[in-house]
Amino acid sequence: MASHIVGYPRMGPKRELKFALESFWDGKSSAEDLEKVSADLRASIWKQMSGAGIKYIPSNTFSYYDQMLDTTAMLGAVPPDTTGLVVRLVFPLTFPWPEEMLPHFIVPELGPDVNFSYASHKAVNEYNEAKSLGVDTVPVLIGPVTYLLLSKPAKGVEKTFPLLSLLDKILPIYKEVIAELKAAGASWIQFDEPTLVLDLESHQLEAFTKAYAELESSLSGLNVLIETYFADVPAAAFKTLTSLSGVSGFGFDLVRGGQTLDLIKGGFPSGKYLFAGVVDGRNIWANDLESSLTILQSLEGIVGKDKLVVSTSCSLLHTAVDLVNEPKLDQEIKSWLAFAAQKVVEVNALAKALAGEKDEAFFSANAAAQASRKSSPRVTNEAVQKAAAALKGSDHRRATNVSARLDAQQKKLNLPILPTTTIGSFPQTIELRRVRREYKAKKISEEEYIKAIKEEINKVVKLQEELDIDVLVHGEPERNDMVEYFGEQLSGFAFTANGWVQSYGSRSLSHQSFTVMFETCYQIALAIKDEVEDLEKAGITVIQIDEAALREGLPLRKAEHAFYLDWAVHSFRITNVGVEDTTQIHTHMCYSNFNDIIHSIINMDADVITIENSRSDEKLLSVFREGVKYGAGIGPGVYDIHSPRIPSTEEIADRINKMLAVLETNILWVNPDCGLKTRKYTEVKPALENMVSAAKLLRTQLASAK
């Protein structure tokens, strides 16, 4: 019985790659040092999978940034006019580049004049590297159609430019890559085509048929796997996919794809391999092995014993690396979990069980852990469940509408027009990190730690007063990670020492179990509601409740949007439904592309929203140009905090003027894009000085215009 892994985390069990990259960028180590760390990581991953008995082991899933960027490099499509940015990334060995300059994944920008050529030979190099270690791998490429569907027209190219028209230009390069892999001895190639799970139009589906028909002769003599993940494959796409020429096997996410299971049962092409993704690559829970085995046995009846391959639902990139490095978690919680290394073992255990070599002890320990997780008092708190169930009856809206609330708040706060504020965090200095490390290592007492944090808060408040910012923040010096600090204040969360998950590039987030189920969200909303009401009682009149990832949680398929947005927005309203009209509720959102969910954002009914805007070419403002009426306070970011660049007063004033062209003067706020946690004070001070000057300059101009 065969087993397969779609992809594996590249960060290293203790974030070795992140530290090696940072050391290289800081000029503390050489290109050879970085390449050595990378090669060691790849070797250990391949050997680990091979040792665990995995038959189909992926290669070319390692990356210094992301696989889309690596594909752009392979196709020689790195644009010359990006001031070397992308080039420096693809070949980070020759050009250092500070990582905060980058967006979250590099979207290829293409047009009719791009000259494609086979430039980066990374896929074959990694295949050969694994082969020299005695491991025969399956090279993974992002499929040609997905690559184009995830691209966008470059600057200066018509927005309506049909990206799929470039298929004829990139297929010859794919043919060269395939020929080189075949010559190197590869017997399988995996093409990742996850866009097949989206709502595609018929001409987009036809592109898949065309692409693989064109590649068929190049692929002869090779086994070809087409891998999909993250959702169900719709019926029309399933039909297109399973009819593709020259393809030997198809991979499906059967964790998030229950309907795909019905399609397979309804008809799967005979003689083809089915790579059944039953082990979840997107969470940290142990698999329910018995339940997976039942699914696999039913599939075996359809595709035949020798054509069924046990797989992960998607790449394991989205989960933490290895539970071995978690000495602090107790045994009960550990028994409920599986990180990437454990998921590899689960895949193999399922494959062996199908082949009649079931490890009874492993399966019964798994069943016991599944049962304990369902019944443990650590996960079932009746009072919380009752409170959450009682929420269903109400819509949870504040009693007064937003414009009346803003009037009441203004009487109390007495803010100038174009009020200035920041998003919440101030730089986490070396000193601050040192104090936190010493406190964690028990070198200083809790009193000393709290004293140091309070001193930092005083410094930050004093600085904001000197800068003449209107609404002050405390700077969040107590925060360690994006969400970890808040989770530590709640019961029902467990914390890891090395449970890092890649968020983008070489950045990692500490992993909370992100199975965002609405039940969990409602429960967290009730906890935040208590906190908000306590803050109000303590005399705080402006309270910010961040909902940074609202857009990120949006399901891939349009049919599921309404349900998600409904409970996500409802959860937010629950948190502040109980406050007085005079208490001003702010929220903050990161990342761009809100245009399609603007009505849900309005429906959150916050008093003020600050929103990332400067990096998205101010796409956000186009929504208001198109006539969406927005009556609450809004602060589209006036400068990009992901870059060390300090914007001038004129530049910021110009940005604010663009906003005033589409938004009412009395609702506009002036603030940076995001929190200032990752910046240095030498960047933050002058940038904020210029931001405040720009706001004052415009106040004067507006007053004289009146």
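Trainee: How do the residues lining the largest cavity divide into nonpolar, polar and charged?

Mentor: Happy to start there, and please keep in mind that this is a predicted model. The lining of the largest cavity holds five nonpolar, four polar and two charged residues. You can look for them in the structure: they are Asn60, Gln67, Asp70, Thr71, Met74, Ser120, Lys122, Ala123, Val140, Leu141 and Ile142.

Trainee: What is the volume of the largest cavity, and how many cavities of 30 Å³ or more are found?

Mentor: The volume of the largest cavity is about 110 Å³. Searching the whole structure gives five cavities of 30 Å³ or more.

Trainee: Which elements give two or more residues to the lining of the largest cavity?

Mentor: Helix H3 (67-74), helix H5 (122-132) and strand E4 (137-142) do. H3 provides the largest share of that lining, four residues.

Trainee: Let me try the second largest cavity. Which residues line the second largest cavity?

Mentor: Good idea. Tyr8, Arg10, Arg42, Ile45, Trp46, Pro58, Ser59, Asn60, Thr61, Phe62 and Glu126 line the second largest cavity, whose volume is about 100 Å³. Here five residues are nonpolar, three are polar and three are charged. Helix H2 (31-51) and strand E2 (57-59) each give two or more residues to this lining, and H2 gives the most, with three. Here is a nice detail to find: Asn60 is in the lining of the largest cavity, and Asn60 is in the lining of the second largest cavity too.

Trainee: E2 and E4 have both come up. In what order do the strands of their open sheet stand?

Mentor: To read a sheet, follow the strands from one edge to the other. This open sheet has eight strands, ordered E1-E10-E9-E8-E7-E6-E4-E2, and the pairing is parallel. At the edges are strand E1 (2-3) and E2, each pairing on one side only. E2 runs parallel to E4, and three bridges join them. One bridge to look for pairs isoleucine 57 with threonine 137 in E4.

Trainee: Which helix lies across strands E9 and E10?

Mentor: That is helix H11 (residues 289-303), which lies across strand E9 (273-279) and strand E10 (308-312). H11 runs at about 170 degrees to E9.

Trainee: There is also an open sheet of four strands. Why is one side of each edge strand left without a neighbour in the sheet?

Mentor: The order of that sheet is E13-E14-E15-E16, with parallel pairing. Strand E13 (542-544) and strand E16 (633-636) stand at the edges and have a single partner strand each, so each has one side with no neighbour in the sheet. From one strand to the next, the twist averages 20 degrees. Strand E15 (residues 608-611) and E16 run parallel and are joined by four bridges. Along this pair, isoleucine 611 stands opposite proline 636 in E16.

Trainee: Now for helices. What angle do H7 and H8 make, and how far apart are their axes?

Mentor: Two packed helices are described by the angle between their axes and the distance between those axes. In this case, helix H7 (residues 167-184) packs against helix H8 (residues 202-219) at an angle of about 35 degrees, and their axes are 10 Å apart. The crossing of H7 past H8 is right-handed.

Trainee: Which residues meet there?

Mentor: From H7 come Leu167, Asp168, Leu171, Tyr174, Lys175, Ile178 and Lys182, and they meet Ala207, Lys210, Ala211, Glu214, Leu215, Ser217, Ser218 and Leu219 in H8. The residues of this contact include eight nonpolar, two polar and five charged.

Trainee: One last spot: where is leucine 200 placed?

Mentor: Leucine 200 sits in the loop between strand E6 (188-192) and H8. Neighbours within four places in sequence aside, leucine 200 is in contact with Leu149, Thr195, Leu205 and Phe208. Try locating arginine 557 as well: leucine 200 and arginine 557 are 357 residues apart along the chain, while their C-alpha atoms are separated by 9.9 Å.

Key. Residues numbered from 1 in each chain as written. Predicted model: local features only at pLDDT ≥ 70, side-chain atom pairs only at ≥ 80, totals over all residues. Heavy atoms only, no water. Axes fitted to C-alpha atoms, helices over the stretch in contact; angles between N-to-C directions. Left-handed = near helix turned anticlockwise from the far one by under 90°. Contact = heavy atoms within 4.5 Å. Nonpolar A, V, L, I, M, F, W, Y, C, P; charged D, E, K, R; others polar. Pairing = 2+ DSSP bridges. 1 Å grid on protein atoms, 1.4 Å probe; cavity = no way out; pocket = protein on both sides within 12 Å on 5 of 7 lines; lining within 4 Å. Points joined across faces, edges and corners; volume = space filled by probe spheres on them.
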